[in-house]
Structures are given as structure tokens and as C-alpha cells.
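Got the viewer open? Load the model, switch to cartoon, and let's walk through it stop by stop.

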Amino acid sequence: MPAADILILGAGPVGCTLALALEGSAHRVRVVDPQAGGSLPAFRPIALSHASRLILERVGAWGAFPVTPIASIHVSQAGAFGRARLQAREAGVTALGYVTQYADLVAALRARVAIGTGRDDAPRLTVHAEGRAAETRERRYAQDAVVARVATEPASLATAYERFTADGPLALLPLAAQWALIWSAPRERAAALAAAPPEAFLAQLQRAFGERAGRFVAVRERACVPLALRVRAARAEAREVFIGNAAQTLHPVAGQGLNLGLRDAWDLAQALHAAEDPGAPQTLARYGAARRLDAAATIGVTEALARGFLGDHPLARAARGAALALLDVTPPARKFFARRMIFGPSALP
């Protein structure tokens, strides 16, 4: 087999999307899975933005896996006034996002990509999409996340909830008439929640979340996930480029990590289609410059949400409540914020 022009390391959603987006180019593309044989998490919910839907449509994968649309997002904070509601119709999209299982998305993409084993000796470009890179700077958060599937009465519909508590954000995402829960809490409390008897867990969740989604009646598939911010200083170097979690790993608040990675893959594919030499320094420099604003802004917004709503100081709660209330009564601000979270500042229009 001839050596690949572009070797993609990683057969997750970002690596496979890049391979599909490069179909029709003049470059020989090969995908290798360094973690071949590894098992996927049994329950790992993900929220795909409308922009990610457009990318997946363009590579022919949309419609091949089940999704639950998000028509609106309800944002609130525990123990204080103020809430905001974002609507798909106001943002000019059919849905603000779509919730699915990571394993279902991976299966749909891998069914369309030939995945090999072993690395080529001298590709013209190596793309790192295999997850965390060794050179990333890491900062652990003081919280871990409890991830679970929960059920309520009545069943979930099409509203997602983001509730900020003094301990950390708590998100409920609609998933096939149930909910995907991502609950950030201090590490010891997160471990205790993950291990608590179901009745005790549901009671604590009800106290933290309130009645806005109904009465919590069942929980399963709980796991405790460590949280960290990891960012690689350089996205590109000599004939190597880093995308997705190999470039940045974000806090799950607002669900921006995978969506940012898919935009990495799409923008890189557009840069490489037009390049005679995919690993040329000028090509990689242009790609890195093009992605800088989107990555920095998305990381900044995520960090602001993850850290800005922590704590229970009365003045801080009042200020946050006022900000939410102002957002709720200002339609242009709601539309801008929703579209920023969907598309990024320099992503798909």
C-alpha cells in the first residue's frame, strides 16, 4: 500500500469526520486507531450543536444515529432569582442542539471510514485526533462530574436545563424520553453521589434541581468523571497538527468540547483540500491562525460559565441573577449568545 499523504491518528468522531471531509481531495488519507480494541463507555451522552449537524450532514453521517432535539434551554441558578430561556426559533435554527450517545455517533462514522492498524513511516502530514496529547497543559478542576441516565414523571420533552449551584453546574439533557445528567460537584461529594443508593441519589438531585423538570423517579448508569482543562500551546508544528481533544479538552458545561473539535476537523479539511503539500508550514500556519479565535473564545466562555457561577456569596448570586434576568429580557442578546454557542465566532454561518 502506498504511504499516506495524510495520516489521521484516532478513529473517534473528530478523526473520522476529518477523513470523510477529505473525500474527493487529491491526497491519500489513512485513519489509524491507536486505541483499537478498547471499549467505548457504556453511557456517554453528548450534545451536538446545529453547526455540528451541518458538518455531519456534509460528510454523509447525519441521520445514521438516533438524536433527541433541543428546542429550548432553560438556565437558572440555585438559591437566587434570575433565569434565562433560549429558543431555537429565536436563534433561527430548527434546534439549538441534539443529544445522542457517543457510541452511536462513533459507530455511524466508523461505518463510513476504513480504519487501519500500524503507522506509516513518512506521511506528509500526521493529524493527531487520538485524544489528549502529552504536551497539553492541564489544570484540574476542584469538581468531578457525575454522569447518569435519569427518568422523570412526566417524561422529558425537548427542553434542556442548565442549573448553576454553589458546588458547580448541573445539566439535564433530553434523551429519548429520559434525561442525560451531568452534575458537577466537589470531588468527595461527586464520589459519594455516584455511590449513593438510588433513592438517596434521587432525593439529593431533586433538592438541587427543584421541580422544573418534574419528579425524578429512576437513575441508572452512573459514573464519576474527573474534570480538567487541557490546552496545547501550539496546534501545529513540523508536519503535525492537533485537533479535537488532542488540542483542547474542556469542562462539559454548555457542551462545547466535541462541537469545537468537529469545527477543527471541518476547517482543517477545507485547508487541506486546496493544499498541494498538506504538511507545508504555510498551510498549517494558516489553519492554526484560522482556528485561534474560535478556540480561544470557546475556551473563554466555557471557563466563565464553569467558574463564574461557583460559590454562594449573596452579592455574587445577586449579580449573576441580574445578568440572567437581563439576558432573558433582551432578545438581541439572547439570539447573539445562542448563535455564538452554536456556531462559534468563525465557524459555519
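At what angle do the axes of helix H7 (residues 257-273) and helix H8 (residues 281-308) cross? Select both: the crossing is at roughly 160°, and the axes come within 10 Å. Axes here are lines fitted to C-alpha atoms, for helices over the stretch in contact, with angles from 0 to 180 degrees between N-to-C directions. H7 and H8 are therefore roughly antiparallel to each other; the labels go by angle, with under 35 degrees roughly parallel, over 145 roughly antiparallel, 65 to 115 roughly perpendicular and the rest oblique.

Before going further, a word on what you're looking at. This is a predicted model, where local features need pLDDT of at least 70 and side-chain atom pairs count only at pLDDT 80 or more, while totals for chains, interfaces and linings use all residues. Residues are numbered from 1 along each chain as its sequence is written, and side-chain values use heavy atoms, leaving out hydrogens and water. Helices (H or I, at least four residues) and strands (E, at least two) are DSSP runs numbered from the N terminus.

Now colour by pLDDT, the predictor's confidence in each residue from 0 to 100. The chain averages 90, and 95% of the residues score at least 70. Among the elements, helix H1 (residues 13-21) has the highest mean, 98, and helix H9 (residues 314-328) the lowest, 77.

**Back to the helix pair**

The H7 and H8 crossing is right-handed, meaning the near helix is turned clockwise from the far one by less than a right angle (anticlockwise would be left-handed). Show side chains on the H7 face, including Leu 260, Arg 263, Asp 264 and Leu 268; the H8 residues met by the H7 set include Tyr 287, Arg 291 and Asp 294. Contact here means heavy atoms within 4.5 Å.

**Next stop: strand E12**

Select residues 169-175. Seven of the seven residues in E12 are buried, so the strand is largely enclosed by the rest of the structure. Buried is under 20% relative accessible area, exposed over 50%, partly exposed in between (1.4 Å probe, protein chains only). Pro 169, Ala 171, Leu 173 and Leu 175 point one way, and Leu 170, Leu 172 and Pro 174 the other.

Add the neighbours. Strand E11 (residues 159-164) pairs antiparallel with E12 over four bridges; two strands pair if DSSP finds at least two bridges between them. Phe 164 has Pro 169 as its bridge partner. E11 and E12 make a hairpin with four residues between them, and Gly 168 in the turn has a positive phi of about 150°.

On to strand E13 (residues 178-186), antiparallel to E12 over six bridges. Find Pro 174 opposite Trp 179. Two residues separate E12 and E13 in this hairpin, and Ala 176 in the turn has a positive phi of about 50°.

**The sheets**

Pick out E3-E7-E4, an open sheet of three strands with antiparallel pairing. Its edge strands are E3 (45-49) and E4 (68-70), each pairing on one side only. Five bridges join E3 to E7 (residues 97-101), and Pro 45 is partnered with Gln 101. Now show helix H4 (residues 102-110), which lies across E3 and E7 at about 90° to E7.

Last, the six-stranded open sheet: E8-E2-E1-E9-E16-E15, with mixed pairing. E8 (115-116) and E15 (236-237) are the edge strands. Finish at E2 (residues 29-32), joined to E8 by two bridges and running parallel; Val 32 has Gly 116 as its bridge partner.
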